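Reader: I am new to this structure. Would you take me through the terms used for it and show what each one rests on?

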Amino acid sequence: MKRKEKQKNTYGGAYVPEMLVHALKEIEIEFEKALKDTQFQKKFRELLHSYSGRPTPLIYAENLTKHFGGGKLYLKNEGANHTGAHKITHCLGQALIAKRLGKKELIAETGAGQHGVATATVAAKFGFKCKIFMGEVDIARQRPNVFWMEQLGAEVISVSSGSKTLKDAVNEALKYWMAHSDESYYVIGSVLGPHPYPEMNRTFQSIIGEEIREQTRKAEKKLPDVVVACVGGGSNAIGAFYDFVKEKGVRLIGVEAGGIGKRVGENAMRKENGSLGIFQGYKSLFLQTSEGHIAPTHSVAAGLDYPGMGPELATLFREKRVELQSATDKKAVEACLLTAKYEGVIPALESSHALAYAYKILPKLSKKEVVVVNVSGRGDKDLFNLTRYLNHKEFKKFLAEEIQRYEK
Ligand SMILES: Cc1ncc(COP(=O)(O)O)c(C=O)c1O
């Protein structure tokens, strides 16, 4: 676990109501202490190993390497983690911090439900009460995740204000936290939000890059030439990149949601259209309307459908250390299906964006060049979304029949 000594970026900060300043300071102090505590480090590593299943495998994608005929492709399979994605890692780290602070309850907001499930999972594991704030619209379209959160013991609170989606759920969670921060800990699901969350979550996620370094060295006797990861808020990307930031020979590429077009509302490309702003407690690159409101976004992958980006990643992009690219919905879906067919790995639609960009550059690379794609999660969760996108007639028929079976 490594961390940067000083936060020298202008992005970041903690733009929160005064009532939350104390709660954030408390977390920052405890996190600082935890970093110096070998027992904490040991406990965290032990949980990653025995609960989450780390180290996750680095798979040599032999078939796809042959198919593209250029660089050598490896898949870092974060989907092998417990609950199916890298997200469980920073949830485990934060749950340990919450325990150290003597908190009784974890709260979180969720859009598609993945972060809600991961938070409810660690709450069950560590014996916390748990409240998940979720927009009414998202509850309706992500029922399977709501079902699992409830079975894990969480209370799912329906948010009916505003557009009844993620940003409204964040507002409600913050309001609740302000009134209950003595006993509640807010679990943030990416490398964003007010300081110290971005740095803390990156510190927990940097295990991904550490493992990529060790595993690539073992397999190839060298570092990777290129590391590719998708960028929603930025946690799997900064997690994969962090260990290589100082290795100037390693190209770091983040892939954003190109969606269905280049107009506002059709994608989540902060590289093209993002501008400096402050939202949800931090300063970073955000998609905004000309009036300075947060702009609508679109992606086939729920986890990339977000208007902002973690401040540290935005800084690395500004410093030209991290490249930002994009992949459209169509290319991501193609990459998902190709990876399943050639390698027996079903990637999440988020991760499929990173794969799509890797498939674009692989043929142009030499056979000696090693590309590692961070497959941030597995695709089980995308069953409904993907079959709808593909207009899969058989699946639609199955759903209709299932309703009839259900009614019997
Ligand atoms: C599998 C997967 N990958 C990536 C993301 C995007 O988040 P981040 O950019 O923080 O890794 C999500 C978010 O829900 C996800 O579920």
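Author: Certainly. One definition comes first: Ala, Val, Leu, Ile, Met, Phe, Trp, Tyr, Cys and Pro count as nonpolar, Asp, Glu, Lys and Arg as charged, and the others, Gly among them, as polar. With these classes, the shell around the ligand has 4 nonpolar, 10 polar and 2 charged residues. Please note that this is a predicted model.

Reader: What makes a residue part of the group that surrounds the ligand?

Author: The cut-off is a heavy atom within 4 Å of the ligand. In this model 16 residues surround the ligand, and the closest are Ser190, Gly232, Gly234, Ser235 and Ser376.

Reader: How do you know that Lys87 makes a polar contact with the ligand?

Author: A polar contact is a pair of N or O atoms within 3.5 Å. A polar side-chain atom of Lys87 is 3.1 Å from an oxygen atom of the ligand, so the pair qualifies. Asn236 also places a polar side-chain atom 2.8 Å from a ligand oxygen atom. For Gly234, a backbone N or O atom lies 2.7 Å from an oxygen atom of the ligand. As for cover, the ligand taken alone exposes 390 Å², of which the protein buries 94%.

Reader: Why are strands E3 and E4 said to pair?

Author: Two strands pair if at least two bridges are found between them. Strand E3 (residues 105-110) and strand E4 (residues 129-135) are joined by 6 bridges in the parallel sense, and therefore they pair. Within this pairing, Glu109 stands opposite Phe133 in E4. Helix H5 (residues 114-126) packs on the sheet and touches E3 and E4, its direction making about 170° with that of E3.

Reader: What makes E5 and E6 the edge strands of their sheet?

Author: The sheet is open, with 4 strands in the order E5-E4-E3-E6 and parallel pairing. Strand E5 (155-159) and strand E6 (184-186) each pair on one side only, and they are the edge strands. From one strand to the next, the twist averages 25°.

Reader: What makes the pairing of E1 with E2 count, and in which sense do the two strands run?

Author: The requirement is again at least two bridges. E1 and strand E2 (residues 72-77) have 3 bridges and run antiparallel, so they pair. Ile59 stands opposite Leu75 in E2. Helix H10 packs on the sheet, where it touches E1, E2, E7 and strand E12 (370-375); its direction makes about 140° with that of E2. Helix H14 (residues 329-343) also packs on the sheet, touching E1, E2, strand E8 (251-259) and E11, and its direction makes about 90° with that of E11.

Reader: Which strands make up that sheet, and in what order?

Author: It is an open sheet of 6 strands in the order E1-E2-E12-E7-E8-E11, with mixed pairing. Its edge strands are E1 and strand E11 (322-328), each of which pairs on one side only.

Reader: Why are some backbone values singled out?

Author: Most residues other than glycine have a negative phi, and most peptide bonds are trans. The bond from Arg54 to Pro55 is cis, with omega near 0°, and Pro55 lies in the loop between helix H2 (38-52) and strand E1 (58-60). A cis peptide bond also joins His195 and Pro196, with omega about 15°; Pro196 is in the loop between E6 and helix H9 (197-205). Lys221 is not glycine, and its phi is positive, near 60°. The place of Lys221 is the loop between helix H10 (207-220) and strand E7 (226-230).

Methods:
Residues numbered from 1 in each chain as written. Predicted model: local features only at pLDDT ≥ 70, side-chain atom pairs only at ≥ 80, totals over all residues. Heavy atoms only, no water. Axes fitted to C-alpha atoms, helices over the stretch in contact; angles between N-to-C directions. Contact = heavy atoms within 4.5 Å. Polar contact = N/O pair within 3.5 Å; in protein donor to acceptor, adjacent residues only side chain to side chain. Areas by Shrake-Rupley, 256 points an atom, 1.4 Å probe, with all protein chains shown as cover.
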